[in-house]
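Colleague: I would like to go through this model with you. Please show it, and I will ask how each label is justified.

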Amino acid sequence: MPTSDYQYEEGTFDVTPEIKRDFDENGYVIIRGVLSKQEISNLRQALELEEGVKKHSYEIPDGSGKSIRLCIWRHPGNDVTAMIARMEKTAGFMGKFLGGEVYHHHSKLIQKEPYTGGLFSWHQDYGYWYKNGCLFPDMASFHLAVDKADRENGCMQILPGSHKLGRIDHTFAGGQQGADMERVNHVRKLFDLVHLELDEGDACYFHSNLLHCSSQNNSARRRWAIVTAFNRASNNPVPEESHPWPLYTPIQMVPNDALLNCDNFTDLSGKAFVDPTTDKNVKTDSSPQK
């Protein structure tokens, strides 16, 4: 079973050739402790404010009677949550994994509440982003555990190496898109299943074609996560005028201590929050698309 699992140390950790090989071979790398306890505390303060990003949240049904709360923004902005997308240990590392300059495609807050948090069907992120005009799968996500994530509260599950399959067709299941399950059932016979059990502050960097899912949260503990998606600068969506997703915009990089030093918790200007009624990747009810 692959062991793409590393411990972050401030000032000394970097994406080495060995770590890059793990990402290329397995489609993901876990880096534990990317955010310190104080950084997580600052981030939680920003996320939990009623006037913060969560006021832009909406629910999508999971097709099994429960729902997931999401909040998605297209540009980083300058608040505490923006620092996640702009630090060397996030954006800088992602550029090394993808082999070139990257830009912020979008970020989202996933809120799986106790007992009611819904599942994510098996899918590839590029299964969505292909439909947003991105021609190449030169994209990846930074998945940060805001809360401890384990099997009990519906942690992410992955099939290491499955990114080498290429893009699988996706269709709607409930309010979200999922991969063709007939194909997925064959694929699951070929790859190990790994549960991404993460402590708060741990992160997984994973390729856009990696198959992943997560179960419902049937526990008494919430599971919140921030997922920031990056796209190669050379992979601008096309045609440029027909979609709402960002074109290449250089990341205004900040030092790794920026989240600790940021005191902007409520100025959300410039983030461009997603309106679910115009997002072709989700449906806020279970009715068929017209």
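Colleague: Why is Asn231 called buried?

Modeller: This is a predicted model, so every value here is computed from it. Asn231 has a relative accessible area of 0%. Buried means under 20%. Asn231 therefore counts as buried.

Colleague: Where is Asn231, and what is it in contact with?

Modeller: Asn231 belongs to strand S14, residues 223-232. Contact means heavy atoms within 4.5 Å. Leaving aside neighbours within four places in sequence, the contacts of Asn231 include Glu101, Tyr103, Cys134 and Pro237.

Colleague: How many residues does the largest nonpolar core have, and which have the most contacts inside it?

Modeller: The largest nonpolar core has 46 residues. Leu35, Leu43, Phe97, Phe142, Tyr205 and Ile226 have the most contacts inside it. Helix H4, residues 88-98, gives the most to this core, with 5 residues. Another core lies apart from it, with 11 residues, including Tyr28 and Leu196.

Colleague: What is Phe142 in contact with?

Modeller: Leaving aside neighbours within four places in sequence, Phe142 is in contact with residues including Val34, Met94, Tyr205, Ile226 and Phe230.

Colleague: Which residues of helix H1 are buried?

Modeller: In H1, residues 17-26, they are Ile19, Asp22, Phe23 and Asn26.

Colleague: How do you know that they are on the same side of H1?

Modeller: Look at the arc. These buried residues cover only 95° around the axis, so they lie on the same side of H1. There is a general rule behind this. An α-helix has 3.6 residues a turn, so residues three or four places apart point the same way.

Colleague: What is on the other side, and what do the buried residues pack against?

Modeller: Pro17 and Arg21 are exposed on the other side of H1. The buried residues of H1 pack against H4 and strands S1, S2, S7 and S12. After H1 comes Gly27, with a positive phi near 85°.

Colleague: What makes S6 and S11 edge strands?

Modeller: Start with the sheet. Its 4 strands run in the order S6-S13-S8-S11, and the sheet is open, with antiparallel pairing. S6 (120-123) and S11 (194-195) each have a single partner strand, so one side of each has no neighbour in the sheet. That puts both at the edges.

Colleague: What makes S6 and S13 a pair?

Modeller: Count the bridges. A pair needs at least two. S6 and S13 have 2 bridges, in the antiparallel sense, so they count as a pair. Phe120 stands opposite Ser214 in S13.

Colleague: How do you know that both faces of strand S10 are covered?

Modeller: Check each side of S10, residues 176-179. Gln176 and Gly178 are buried on one side, and Gln177 and Ala179 are buried on the other. S10 also pairs with strand S9, residues 170-173, in the antiparallel sense over 4 bridges. Thr171 has Gly178 in S10 as its bridge partner.

Colleague: Why is Cys71 not in a disulfide?

Modeller: Its closest cysteine sulfur, in Cys262, is 17 Å away, which is too far for a bond. The cut-off is 2.5 Å. Cys213 is in no disulfide either, with the nearest cysteine sulfur, that of Cys155, 9.1 Å away. The structure holds 0 disulfides.

Colleague: Are Cys71 and Cys213 buried or exposed?

Modeller: Cys71 has 0% relative accessibility, so Cys71 counts as buried. Cys213 is at 7%, and the limit is 20%, so Cys213 is buried too.

Key:
Residues are numbered from 1 along each chain as its sequence is written. This is a predicted model: local features need pLDDT of at least 70, side-chain atom pairs count only at pLDDT 80 or more; totals for chains, interfaces and linings use all residues. Side-chain values use heavy atoms; hydrogens and water are left out. Buried means under 20% relative accessible area, exposed over 50%, partly exposed in between (1.4 Å probe, protein chains only). A nonpolar core is a set of buried Ala, Val, Leu, Ile, Met, Phe, Trp, Tyr and Cys residues joined through side-chain atoms within 4.5 Å. The arc is that of the directions from the helix axis to the C-beta atoms.
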